[in-house]
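Colleague: Could you take a close look at one part for me, the strand pairing, and talk me through it in one go?

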Amino acid sequence: MGETGPGETILLRMYGPLGQHADSVVAPLLAPDVPVVIWWPDEAPSSPAGTPLARSPARVTDAAASATPRDMLLGLAKAYQPGDTDLSWTRSTPWRTLLAATLDQPYPQLLSGEVLAEPANPTADLIASWLTLRLGIEVQRGESAGPGITKVSFETPAGKVMLARPDGRTATLTWPGRPDRRVALHRRDSADLIAEELRRLEPDESTPRRCTRWRPSNSR
């Protein structure tokens, strides 16, 4: 049965020695010439591309599901191969899109930045690193009570530019000298995240550039 069209769902529970050779069990079930995506919803291997089951063009992991998200993310980065992606980066898409749109207009000099989120939130770590890379300023990673990412702010000579989302649904953009603006910024579930990844199956060899047509307006 398929939710949006004809299809099949097959649930395999493998135990003992059979579980050590899952690829030989799954391979005969795959339709030829159909893109295959491997998704680990929980703990993933340290090197997804090195597992026999992962001989596919796309491999999706989720560091947020790990007991130690930051350590898992660092391990995945060291073993990265084209075709690997993590849902921690996928979760950042709405934030990166909104931040890019915010700074796609003249703005005062950015002195520093800060990203606030729950302590074990790898998406916040990635956004802080992405902003540091793209803006060339120090962006600190702070902690909040959540849910998820609650605030991204920048210090400027004119005051603080801030995007705050305390409820996980709606964000408020605060800009010095301008009225506050509210925008929808919902937290997405796993189905939406996987759907985003399925829309682009080509190897992403430069993941941090996925949402970077934007360039800071005060840069050359």
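Modeller: Sure. Two strands count as paired if DSSP finds at least two bridges between them. Bear in mind that this is a predicted model.

With that cut-off, take β4 (residues 112–117), which pairs with β6 (residues 149–156) in the antiparallel sense over six bridges. One spot to click on is leucine 116, whose bridge partner in β6 is lysine 151. β4 also pairs with β5 (residues 139–143), this time in the parallel sense and over five bridges. There you'll find glutamate 114 standing opposite glutamine 140 of β5. To get from β4 to β5, the chain runs through helix α5 (residues 122–135), making a β-α-β crossover that is right-handed.

Now for β1, β2 and β3. These three strands make an open sheet, in the order β1-β2-β3, with parallel pairing. β1 (37–39) and β3 (84–86) sit at the edges with a single partner strand each, so each has one side left without a neighbour in the sheet. Ignoring direction, neighbouring strands of this sheet are turned by 20° against each other on average. Zoom in on β2 (residues 58–61) and you'll see three bridges joining it to β3 in the parallel sense, with valine 60 standing opposite threonine 85 in β3. Helix α6 (residues 190–198) packs on this sheet and touches β1, β2 and β3. The direction of α6 makes about 150° with that of β1.

One thing to keep in mind while you rotate the view: side chains in a regular strand alternate between the two faces of the sheet.

How values were computed. Residues are numbered from 1 along each chain as its sequence is written. This is a predicted model: local features need pLDDT of at least 70, side-chain atom pairs count only at pLDDT 80 or more; totals for chains, interfaces and linings use all residues. Side-chain values use heavy atoms; hydrogens and water are left out. Helices (H or I, at least four residues) and strands (E, at least two) are DSSP runs, numbered from the N terminus. Axes are lines fitted to C-alpha atoms, for helices over the stretch in contact, and angles run from 0 to 180 degrees between N-to-C directions. Contact means heavy atoms within 4.5 Å. A crossover is right-handed if, with the strands pointing away from the viewer, the path from the first strand over the helix to the second runs clockwise.
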